[in-house]
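Student: I would like a close look at one part of this structure, starting from a helix and following what lies around it. Please take the argument step by step, and keep the numbers attached to each step.

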Amino acid sequence: MKIIDIIKNNSLMLSFEVFPPKTETAFESVKTATEEIAKLHPSFMSVTYGAGGGTSKYTLDIAKNIKERYGVPSLAHLTCVSSTKETVKQKISEIKAAGISNVMALRGDIPAGLEDADRSGWDYKHAIDLIRELKETNPDFCIGGACYPEIHPESVNQKEDILYLKEKVNAGCDFLTTQMFFDNNLLYNFLYKIREAGITVPVIPGIMPITNANQVDRAIKLSGSFMPQRFKSLVDKFGSDPAAMKQAGIAYATDQIIDLYANGITNVHVYSMNKPDVAMKIQGNLSDILGK
Ligand code: FAD
């Protein structure tokens, strides 16, 4: 089933994100964790893709398993930046062969050391190159793209970021999923600006439950997200007590989701990162709202 059809609901629905194992030895434990999450019957599950190709080989195995064994629609991520046309073509045919029709089409992060390289000869410079190709070769795919309420770290300013986002959507994105954010007002502000700019596709906010203090620096470094004082106080208070920090982080993410729903957003993507207990607790906290 296509994501674009799934997200036409009027009441709250959650989707969860998982990532594939880095090694074959870790495959079974990751598979089990993703199955535990699938048993929660989310609206869909997305499976990330290693930008450097590191874990990409397992993305489809996990996505296919979730879909076939649990009937949960899966969204396979695909990055293009360090790939050749030939590799991407091969990956697309593997996606099709796995029976998956939802693809999150991404550029991926520029591999370390190549930030200042001359990119003129690269087969793919931006996600839009992959999206155009997918749309042309597989018009039946439902294509997602990434967007950044606090602008992409490489962007000069938000105006330019939104201009490129509009081009990307026009090239064939059916929906967008946001980078994590910890202040819902930044999301509302971003939505207002992109709607003003004429971007009309559904936007699924991405919420990252921070469940241990060590995750904070990494999350900020990766996403460039603003940490509101309310969140910083929570980390200061509970950061040294793992169980309390986990509970507080889950409560914070739950609050964000409730606020989003209260403000008219019916689909929220949770960066559950192979943690069934976290996914379960968030879903449990929202059980009456979700009717589950
Ligand atoms: P783009 O849309 O290409 O944008 C990247 C930058 O280029 C932006 O600054 C943009 O403004 C600019 N730009 C875009 N188009 C143009 C243009 N035509 N001309 C000039 N500049 C342009 N990474 C992974 O490795 N694997 C994953 O599975 C993964 N999943 C993700 C899921 C979500 C929801 C999000 C938000 C991010 C994910 N990422 C993943 C991270 C993502 O790959 C990085 O953020 C990457 O740096 C940008 O990818 P993009 O697809 O947004 O790129």
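**From a helix end to the ligand shell**

Tutor: Directly after helix 3 comes Gly-71, which has a positive phi, near 65°. All of this is read from a predicted model. Helix 3 itself covers residues 56-70, and its 15 residues reach 22 Å from the first C-alpha to the last, close to the 21 Å expected at 1.5 Å a residue. Its buried residues are Ser-56, Tyr-58, Thr-59, Leu-60, Ile-62, Ala-63, Asn-65 and Ile-66. These pack against strand 1 (13-18), helix 2 (27-38), strand 2 (45-47), strand 3 and helix 4 (85-97).

Helix 7 can be read in a similar way. With 13 residues, 184-196, helix 7 should span 18 Å at 1.5 Å a residue, and the 19 Å between its end C-alpha atoms agrees with that. Asn-184, Leu-187, Phe-190, Leu-191 and Ile-194 are the residues of helix 7 that are buried. Viewed down the axis of helix 7, these buried residues fall within an arc of 115°, so they line one face of the helix. The general background is that an α-helix has 3.6 residues a turn, so residues three or four places apart point the same way. On the face of helix 7 turned away from the buried side sit the exposed residues Asn-185, Tyr-192 and Glu-196, while the buried residues pack against strand 5 (142-147), helix 6 (158-172), strand 6 (175-180), strand 7 (203-207) and helix 10 (242-262). As for the ends, a side-chain oxygen of Asp-183 comes to within 2.9 Å of the backbone nitrogen of Asn-185 at the start of helix 7, and just after the helix Gly-198 has a positive phi of about 95°.

Helix 10, one of the packing partners of helix 7, contains Tyr-252. With a relative accessibility of 5%, Tyr-252 counts as buried, because the cut-off is 20%. Apart from residues up to four places away in sequence, Tyr-252 touches Phe-182, Pro-228, Arg-230, Phe-231 and Leu-234. To relate this residue to helix 3, the C-alpha atoms of Tyr-252 and Asn-65 are separated by 31 Å, with their positions 187 residues apart along the chain.

Helix 6 and strand 6, also packing partners of helix 7, lead on to the ligand. Of the 22 residues around the ligand, those that come nearest are Tyr-49, Asp-109, Tyr-148, Ser-155 and Asp-161. An oxygen atom of the ligand lies 2.8 Å from a polar backbone atom of Arg-107, and an oxygen atom of the ligand is 2.9 Å from a polar backbone atom of Ala-127. From Lys-168 it is a polar side-chain atom that lies 2.8 Å from an oxygen atom of the ligand. The ligand taken alone exposes 980 Å², of which the protein buries 87%. Strand 3 (74-79), helix 6 and strand 6 are the elements that give two or more residues to this shell, and helix 6 supplies the largest share, four residues.

One further buried residue belongs here, since Ala-127 is followed along the chain by the rest of helix 5, residues 127-137, where Glu-133 lies. At 13% relative accessibility Glu-133 counts as buried. Leaving aside neighbours within four places in sequence, Glu-133 is in contact with Lys-85, Val-88, Ile-92, Tyr-124 and Asn-138.

Notes: Residues numbered from 1 in each chain as written. Predicted model: local features only at pLDDT ≥ 70, side-chain atom pairs only at ≥ 80, totals over all residues. Heavy atoms only, no water. Expected span 1.5 Å × (residues − 1). Buried < 20%, exposed > 50% of the residue type's maximum accessible area, 1.4 Å probe, protein only. Arc of directions from axis to C-beta. Contact = heavy atoms within 4.5 Å. Polar contact = N/O pair within 3.5 Å; in protein donor to acceptor, adjacent residues only side chain to side chain. Near = heavy atom within 4 Å. Areas by Shrake-Rupley, 256 points an atom, 1.4 Å probe, with all protein chains shown as cover.
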